[in-house]
Amino acid sequence: MAFKYAHKFSLAILLLPHLSIAQGPGTLIPEYHPKLPTYKCSKAAGCQKQDTSVVLDWNLRSIHTITTNEPCKSPAGVVDRTICPNQLTCFKQCVVEGLDYYFAGVSTSGDALMLSQFPQAPEPDIPPPRVYLLGADGNYVTFKPKAQEIAFDVDVSLLPCGENGALYFVEMAANGGKSTYTPGGANYGGGYCDSQCPYQAWKNGNLDAGGPYCCNEMDLLEANSQAVAFTPRPCAGNACDNIGCSFNPYAAGHHNYWGPGKTVDTTRPITVVTQFLTDDGTPNGELTTIRRKYVQNGQVIASATVGGDIIEAGQCPSGEEVGGLVTLGKAFQRGMALVFSITNDPADNMNWLDSGDNGPCDPSEGSPDYIQANYPYAKVIFSKIRYGEIDSTLNNNIITSTTRTSTITTTKSTTPGPPTQTHWGQCGGIGFPGPTICEGTYTCFTHNPYYGQCL
């Protein structure tokens, strides 16, 4: 279940006077988008590398006055109505700042993205990151998944009970609501919506919008090391199937399918493939089936159920009022943005995902306080994002992404190898003269243009 974003903090900024267009991008913190190459695949042409990156959500950002740098909203996201009594006045007086992605828990290495639940552990007040896939044109990459598939590698080995590493589609505006009032748009993470219909102080840069912000959602993966689900959540206007119709192997009675040392072994990276099948096999057909495959060691793993890990039209009574897979298919045809997130659940301890009938976790293990005390470095790694026609992403096995748990092949050499950096050490950045290769199985993750670290 996609979460309602927590507005708990704004990053510390250097308070210097400056000039800027109103409620456009500020100049105190430059906005830097970590590169995350993805791959577009076809059976005929293979998988072609795309120039893509990630951008952090608009609501995580500092929004302050141009002249005095006074916050235009509180750390909790409440708008200061003395500064912003209405949209026009706010437009004239306030700007939105860039973010330090490393401080916010976002790092990339090649085609791998790492998200940390507690970005500056054990600091308790920094919310976990949510990022969107951004194209070279400054808009969100638009996916049209009907008669297509999407595949990615994921490492959930460091996600305990109560955590949720999620990758999902939502029907956000491709430009992030870019307008005269908010020229930042998608470049500053604007325009979020989902089937939980969140309320936000700013929507697409419009101060007085408020909410709810409902839109079609397809959860490709919601998982930790103990449980997993994929879920369609269609919407018709502001009416949404916000519960959704999940496929969870544990809930289906297969208790030894997903987990450490189980059929799908969560101590190692997993390739996840999701296919969206139509009644006529074309992108113009009606969405009828969502099919899941897992791959490890180059082998497709047998499905949890005899009929396959699938969700079919007619299986989801909770979505009938909003049109079920038919409605979701129409959203697919219009286009969806791709979202990556990590979160825990202060309200229900993520029990809906991994406890009781849904997983093996004790209901109390998902308490955010318990997680922070016992798993302060909880994180998820997504890598090798590829998409295209059915059966094209596995048959065109492109560049192997390197993650923290990647297998390293060594060969004997008669000459010394290049110098390596130790765990946690700096391994890159503009002007850095030291080693750029990490020792052992560690990988150099880029935090910003000036700093990379072995993780």
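A residue is taken as buried when its relative accessible area is under 20%. In the predicted model described here, Tyr132 has a relative accessibility of 0% and therefore counts as buried. Tyr140, with a relative accessible area of 3%, is likewise buried, and Tyr192 is buried at a relative accessible area of 2%.

These three tyrosines take part in the aromatic contacts of the structure, which holds 11 aromatic pairs. The ring centres of Tyr132 and Tyr140 are 5.5 Å apart and the ring planes stand at 80°, so this pair is edge-to-face. Tyr132 also pairs with Tyr192, and here the arrangement is stacked, with 5.9 Å from centre to centre and 10° between the planes. Because Tyr132 belongs to strand 8 (residues 130–135) whereas Tyr192 lies in the loop between strand 10 (164–170) and strand 11 (217–223), the stacked pair ties together parts of the chain that are 60 residues apart in sequence. Tyr192 has a further neighbour in Arg130, which lies over the face of the tyrosine ring at 3.5 Å from the ring centre. Elsewhere among the aromatic residues, one cluster is formed by Phe143, Phe169, Phe276, Phe332 and Tyr387.

The covalent cross-links were examined next. The structure holds nine disulfides, and three of them are described here, beginning with the link between Cys41 and Cys47, whose sulfur atoms are 2.1 Å apart. The torsion about the S-S bond of this pair is about 110°, so the disulfide is right-handed. Cys41 and Cys47 are both buried.

A second disulfide connects Cys161 with Cys361, at an S to S distance of 2.0 Å. For Cys161 and Cys361 the torsion about the S-S bond is about -80°, and the disulfide is therefore left-handed. Cys161 is located in the loop between strand 9 (148–155) and strand 10, while Cys361 is located in the loop between helix 3 (351–354) and helix 4 (368–374), so the pair ties together parts that are 200 residues apart in sequence. Burial extends to this link as well, as Cys161 and Cys361 are buried.

The third disulfide to be described is that of Cys193 and Cys215, with the sulfur atoms 2.2 Å apart. The angle about the S-S bond is 95°, and the link of Cys193 and Cys215 is right-handed. Cys193 and Cys215 are 22 residues apart, and each of them lies in the loop between strand 10 and strand 11, which is also the loop that carries Tyr192. Both Cys193 and Cys215 are buried.

Helix 2 (residues 324–334) was considered with respect to its packing. The buried residues in this helix are Gly324, Leu325, Thr327, Leu328, Gly329, Ala331 and Phe332, and Phe332 is in addition a member of the aromatic cluster that includes Phe143, Phe169, Phe276 and Tyr387. The buried residues of helix 2 pack against a set of strands, namely strand 11, strand 12 (228–233), strand 13 (235–236), strand 17 (270–278), strand 18 (287–296) and strand 20 (309–312). Just after helix 2, Gly335 adopts a positive phi of about 125°.

Methods. Residues numbered from 1 in each chain as written. Predicted model: local features only at pLDDT ≥ 70, side-chain atom pairs only at ≥ 80, totals over all residues. Heavy atoms only, no water. Phe/Tyr/Trp six-rings, centres within 6.5 Å; stacked < 30°, edge-to-face > 60°. Buried < 20%, exposed > 50% of the residue type's maximum accessible area, 1.4 Å probe, protein only. Helix = DSSP H or I, 4+ residues; strand = E, 2+ residues; numbered from the N terminus. Lys NZ or Arg CZ within 6 Å of the ring centre and 35° of its normal. Disulfide = S-S within 2.5 Å. Contact = heavy atoms within 4.5 Å.
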